[in-house]
Amino acid sequence: GNGTVGPSLVPPPGTSKHAPHSIIIGVRKGGTRALLEMLDIHPEVAAAATEVHFFDWDENYAKDFEWYRDQMPYSYPNQITVEKTPGYFTSPVAPARIHAMNSSIRLLLILRDPTERVISDYTQVYFNRLENHKPVQAIENMLVKNGALNTRYKAIQRSLYDVHMRNWLQHFPLEQIHIVDGDTLIYDPLPELQRVERFLHLPPRIVASNFYFNQTKGFYCIRSDGHERCLHESKGRPHPPVNSTVLRQLRSYLRQHNRNFYRLIGRTFNWQ
Ligand code: A3P
């Protein structure tokens, strides 16, 4: 929020670092950066600048809890601390570890249509590899192996929301996990942010004028404290077209997983 302090060596007077009150646990490519940046509009929110990867990376978890707390931003006493690491949602170990730290923590999970998420995941890896001068594959080559859908492809595995959610529900009651609709967040962010404010027991401070649609970017951007900013150019990239037969196979594979997921959480989405 506006009171949030950037990384600095000297703590501003009256601030300190705290373990998060809330964590955005994922999903990768669900809109996690947009959610964190939009939540950070709130004056009573202090958001961690980078992904911390404490609970999903063993080499970080092996460091102590003080290390984790040190990754958090300086915050004022009236602020809550929020971090986001999208890798937590699909990590088999993260739920138990987060529970061990704080069993009453409030978790935020932003999800979008899992088929779209697969394509977005592919696109991110594609551009990362291009930047690192590594060879790239067409999306169909990733999605299909020996003529059948390659269900072991990581991007598909990460879209099996029911599988991962079951693991979280072993450790946390559903009431502690608020699901943000990542598809809605793209074209109408305010209501989603207002629901998050209520879930976190924050006073309503985020308003319509905090968002403006940027025609060039094709996405909403943020107006806060007299500044206007859009997300990084890596957020909101065009997706490649996908062969329609392959796309149909992917959709039909995910359909049952989606139904399972709806049943788990007692809510449905318009996912294809
Ligand atoms: P695409 O780049 O595939 O469109 P994450 O931050 O979890 O990696 O999610 C990235 C996704 O956030 C983007 O995926 C984009 O669709 C979505 N998003 C939602 N709101 C956005 C916004 N206001 N600006 C840019 N991207 C946004």
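User: Which residues lie nearest the centre of the largest pocket in this predicted model?
Analyst: The model is predicted. Its largest pocket is lined by 35 residues. Those that lie nearest its centre are Lys 29, Gly 30, Gly 31, Thr 32 and Lys 235.

User: What volume does the largest pocket have?
Analyst: The lining of this pocket has nine nonpolar, 15 polar and eleven charged residues. The space it encloses comes to about 830 Å³.

User: Which helices and which strand each supply at least two residues of that lining?
Analyst: Three helices reach this level: H1 (32–39), H5 (114–131) and H9 (182–187). The strand that does so is E11 (219–224).

User: Where does the ligand sit?
Analyst: There are 20 residues around the ligand. Thr 32, Ser 120, Tyr 220, Gly 236 and His 239 come nearest. The ligand's site is the largest pocket.

User: Which elements give two or more residues to the shell around the ligand, and which has the largest share?
Analyst: Two elements, H1 and E11, give two or more residues to the shell. The largest share is four residues, and it comes from H1.

User: How many charged residues does the shell around the ligand have?
Analyst: Sorted by class, the shell has seven nonpolar and seven polar residues. Its charged residues number six.

User: At what distance from an oxygen atom of the ligand does a polar side-chain atom of Thr 32 lie?
Analyst: Gly 31 offers a polar backbone atom, 3.0 Å from a ligand oxygen. Arg 112 has a polar side-chain atom 3.1 Å from an oxygen atom of the ligand. For the polar side-chain atom of Thr 32, the distance is 2.6 Å.

User: What percentage of the ligand's exposed area does the protein bury?
Analyst: The polar contacts include one to Arg 112, at 3.1 Å. Taken alone, the ligand exposes 570 Å². The protein buries 97% of that.

User: Where is Val 27, and is the peptide bond from Gly 26 to Val 27 cis or trans?
Analyst: Val 27 is in the loop between strand E2 (22–26) and H1. The bond leading to Val 27 from Gly 26 has omega near 0°. That bond is cis.

User: What is the phi of His 53?
Analyst: His 53 lies in the loop between strand E3 (45–47) and helix H2 (58–61). His 53 is not a glycine, yet its phi is positive. The value is about 50°.

Technical notes. Residues are numbered from 1 along each chain as its sequence is written. This is a predicted model: local features need pLDDT of at least 70, side-chain atom pairs count only at pLDDT 80 or more; totals for chains, interfaces and linings use all residues. Side-chain values use heavy atoms; hydrogens and water are left out. On a 1 Å grid over the protein atoms alone, a cavity is a set of points where a 1.4 Å probe fits but cannot get out, and a pocket is an open set with protein on both sides within 12 Å along at least five of seven lines; lining residues have an atom within 4 Å of a point. Grid points are joined across faces, edges and corners, and a volume is the space filled by probe spheres set on the points. Ala, Val, Leu, Ile, Met, Phe, Trp, Tyr, Cys and Pro count as nonpolar, Asp, Glu, Lys and Arg as charged, and the others, Gly among them, as polar. A residue is near a molecule or strand if one of its heavy atoms lies within 4 Å of it. A polar contact is a pair of N or O atoms within 3.5 Å; within protein, one must be able to donate a hydrogen and the other to accept it, and residues adjacent in sequence count only if both atoms are side-chain atoms. Accessible areas come from the Shrake-Rupley method with a 1.4 Å probe; for residues, only the protein chains shown count as cover. A molecule sits in a cavity or pocket if more than half of its atoms lie within 2 Å of its grid points.
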